[in-house]
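Let's take a walk through this protein together, going from its strands to the side chains that link them. Have the sequence and the 3D view open as you read.

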Amino acid sequence: MSHRKLGNFTRCTLAACLAGVGVSALPVDAGAADKMLGYANGAYDTVIYGSFDFSHASSDQNGYGADAGFVTAINGDITTTGWTLTANVGVSRSNDVATDTTSFNGSVLGGYQWHTPAYYFALNAGVHFVNNDDNPSGGPTDGSEAGVIAQYGFETKAVDAFYVQSYGALSSVYDQIYFHAKAGWKTQQLKYGAEFTASDEKDSGGTLRYGAFIGDIPLGMASVGISAGFQQELEAGKKDGFYSMVEMSMPLDIR
């Protein structure tokens, strides 16, 4: 599977994480949970976010990608239960032993989020578009395709306590699948622990990632997260390697 942003991460990505090693990425609102916590009620209606993802196995098998988007609350308060609108765009580049791929993806989704004192949960569905430019051309996922996508997000809220986060997406475009989970500890200032990611698409062996993360690093009004680890390729002939990712989100009041 080529590592193109599914939409966060790559083609063979959430988002594209997904015939070489590359970035992960479906237009999954990776971290929607992160983006909606810790803000005063009524202070913000929108969160903007972005990420950069890099993977490397050898000089002829590597990939990178970037995505950006926003989520906005229809009721004007991103910290409360209600309907949301999300949009995301991403680009990625992967180099494989046999094929080099440049990919563009985008999605627009509507959904509903639930906030309780203990956790955040969201469900979203919408339209998804991917354009892959393979060199040489002619692969099973070369060209453009549009379809539908569904995704979820979950995160616990307790501080000085065990922490869990998960998000995932399923797209009809090239049969893309993305799943991500984090588990660790959340303090008043930071969260940290281990993470796992699985991604796959049409005619691909899939990709697994095992790593560590640290999040909620303050940068002005923004929050930054960093993760890195080992990337395993399940497709014959693909080399295992490593990956790294940087994510950022920032709340806004635009209404």
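**A tour of strands and charged pairs**

Arg209 and Asp53 are both buried. Their side chains meet in a salt bridge, with N and O 2.8 Å apart. This pair connects distant parts of the chain, since Arg209 sits in strand β10 and Asp53 in strand β1 (residues 46-58), 156 residues apart. Why does Arg209 count as buried? Its relative accessibility is 1%, and the cut-off for buried is under 20%. Please keep in mind that you are looking at a predicted model.

Now step back to see the whole chain. It has one helix and 12 strands, and in sequence order the helix comes before the strands, following the pattern α-β-β-β-β-β-β-β-β-β-β-β-β. Of its 255 residues, 53% count as buried. The accessible surface comes to about 9,800 Å², and carbon and sulfur atoms account for 66% of that.

A good place to zoom in is the run of strands β8, β9 and β10. Strand β8 (residues 177-186) and strand β9 (residues 191-200) run antiparallel and are joined by 10 bridges. Together β8 and β9 make a hairpin, with four residues between them. Find Lys186 and you will see that it stands opposite Lys191 in β9. On the other side of the pairing, β9 also joins strand β10 (residues 207-219), again in the antiparallel sense, over nine bridges. Here Lys191 has Gly215 of β10 as its bridge partner. The hairpin of β9 and β10 has six residues between the strands, and in it Asp203 takes a positive phi near 55°.

Next, look at the charged side chains around these strands. Side chains of opposite charge can pair when their charged atoms come close. A search of the whole structure finds eight salt bridges, and the pair of Arg209 and Asp53 is one of the salt bridges described here. Another is formed by Glu155 and Lys191, whose closest N and O atoms are 3.0 Å apart. Glu155 belongs to strand β6 and Lys191 to strand β9, so this pair ties together parts 36 residues apart in sequence. Both Glu155 and Lys191 are buried.

Glu195 and Lys182 form a further salt bridge, with 3.6 Å between the closest N and O atoms. Because Glu195 lies in strand β9 and Lys182 in strand β8, the pair links parts that are 13 residues apart in sequence. Are these two residues buried or exposed? Glu195 is buried, with a relative accessible area of 6%, and Lys182 is buried at 8%. Salt bridges with shared partners also bring Glu155, Lys186, Lys191 and Asp216 into one network. Lys182 has a second contact to look for: it lies over the face of Phe213, 5.4 Å from the ring centre.

That brings us to the aromatic rings. The whole structure holds 11 aromatic pairs. In one of them, Tyr167 and Tyr178 have ring centres 6.0 Å apart and planes at 20°, so the pair is stacked; the cut-off for stacking is under 30 degrees. Tyr167 lies in strand β7 and Tyr178 in strand β8, so the rings tie together parts 11 residues apart in sequence. Both Tyr167 and Tyr178 are buried. Phe196 and Tyr210 make a tilted pair, because their planes stand at 50°, with the ring centres 5.5 Å apart. Phe196 is in strand β9 and Tyr210 in strand β10, so this pair ties together parts 14 residues apart in sequence. Phe196 is partly exposed, with a relative accessible area of 28%, and Tyr210 is also partly exposed, at 36% relative accessibility. Elsewhere, Trp83, Tyr112, Trp114 and Phe121 form one aromatic cluster.

Finally, a few backbone details are worth a click. Asn135 and Pro136 are joined by a cis peptide bond, with omega about 5°. Pro136 is in the loop between β5 (119-135) and β6 (143-156). Asp175 is not a glycine, yet it has a positive phi of about 55°. You will find Asp175 in the loop between β7 (161-171) and β8, and it is partly exposed, with a relative accessible area of 47%. Asp216, also not a glycine, has a positive phi of about 65°, and this residue is in strand β10.

How values were computed. Residues are numbered from 1 along each chain as its sequence is written. This is a predicted model: local features need pLDDT of at least 70, side-chain atom pairs count only at pLDDT 80 or more; totals for chains, interfaces and linings use all residues. Side-chain values use heavy atoms; hydrogens and water are left out. Two strands pair if DSSP finds at least two bridges between them. Helices (H or I, at least four residues) and strands (E, at least two) are DSSP runs, numbered from the N terminus. Buried means under 20% relative accessible area, exposed over 50%, partly exposed in between (1.4 Å probe, protein chains only). Accessible areas come from the Shrake-Rupley method with a 1.4 Å probe; for residues, only the protein chains shown count as cover. Rings of Phe, Tyr and Trp (its six-membered ring) pair if their centres lie within 6.5 Å; planes under 30 degrees apart count as stacked, over 60 as edge-to-face and the rest as tilted. A charge sits over a ring if NZ of Lys or CZ of Arg is within 6 Å of the ring centre and within 35 degrees of the ring normal. A salt bridge is a side-chain nitrogen of Lys or Arg within 4 Å of a carboxyl oxygen of Asp or Glu.
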